[in-house]
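Trainee: Please take me closely through one part of this structure, its pocket and the surface beside the discussion of that pocket. I am new to the model and would welcome a connected account.

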Amino acid sequence: MLHRMFTNATPAHAHCDLYCGVYDPAQAKIEALSCLKSIQKYHDSDDEHFRARAIIIKEERAELVKHHLMVLWADFFTKEHFEKFPNLHQLFWEGVHGAGDVKKSLDVAVAEKLLATIDEIADIFWQTEKSKDAGVYPPA
């Protein structure tokens, strides 16, 4: 019956399920730090089961980094931000691809590079006027 009711319905699309207006690069950074720590713990252990779990966790967290960066890129930053900070698109490209590199690597330096990229994005985030109403953890 429901199928018949919605047969001619037009699909609606929105950029967000609920526009809450809460954004913070800290979400991506926390997940990236988890990746780094998982890699370090992997190298510190000789337990194969533990090491396998460390890889799984690292890869899950790296995927979350990609998600949080994409939300910032698509939902928080505006055309004006990208005009004011011309390297912002490149930083997001490096961050999302850097998270992908972390997924396929056990190199601490790769995770540290991802953290540095997120820090650069965060520096720009906190320079925007919009961050004062959206950010949760402003720098001290």
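Mentor: The account below treats the pocket and then a surface patch. The model is predicted, so local features need pLDDT of at least 70 and side-chain atom pairs count only at pLDDT 80 or more, while totals for chains, interfaces and linings use all residues. Residues are numbered from 1 along each chain as its sequence is written, and side-chain values use heavy atoms, without hydrogens or water.

The largest pocket (an open set of points on a 1 Å grid over the protein atoms alone where a 1.4 Å probe fits, with protein on both sides within 12 Å along at least five of seven lines) holds about 200 Å³ of space. Its lining (residues with an atom within 4 Å of a point) counts 14 residues, and Lys29, Asp119, Ala122, Trp126 and Tyr137 lie closest to the centre. Helix α6, residues 108-127 (a DSSP run of H or I, at least four residues), gives the largest share of this lining, 5 residues. Both α2 and α6 supply at least two residues each. By class, 10 lining residues are nonpolar and 4 are charged, with no polar ones.

Tyr137, one of the residues closest to the pocket centre, also belongs to a nonpolar surface patch with Val22 and Val136. In such a patch, nonpolar side chains with over 30% relative accessible area are joined within 5 Å. Together the three expose about 310 Å² of accessible area (Shrake-Rupley method, 1.4 Å probe). Val22 sits in the loop between α1 (2-5) and α2 (26-44). Its relative accessibility is 47%, so Val22 counts as partly exposed (between 20% and 50%).

Note on methods: Patches are made of residues with over 30% relative accessible area and no salt bridge: like charges are joined within 9 Å, nonpolar side chains (Val, Leu, Ile, Met, Phe, Trp, Tyr) within 5 Å. A salt bridge is a side-chain nitrogen of Lys or Arg within 4 Å of a carboxyl oxygen of Asp or Glu. Buried means under 20% relative accessible area, exposed over 50%, partly exposed in between (1.4 Å probe, protein chains only). Grid points are joined across faces, edges and corners, and a volume is the space filled by probe spheres set on the points. Ala, Val, Leu, Ile, Met, Phe, Trp, Tyr, Cys and Pro count as nonpolar, Asp, Glu, Lys and Arg as charged, and the others, Gly among them, as polar.
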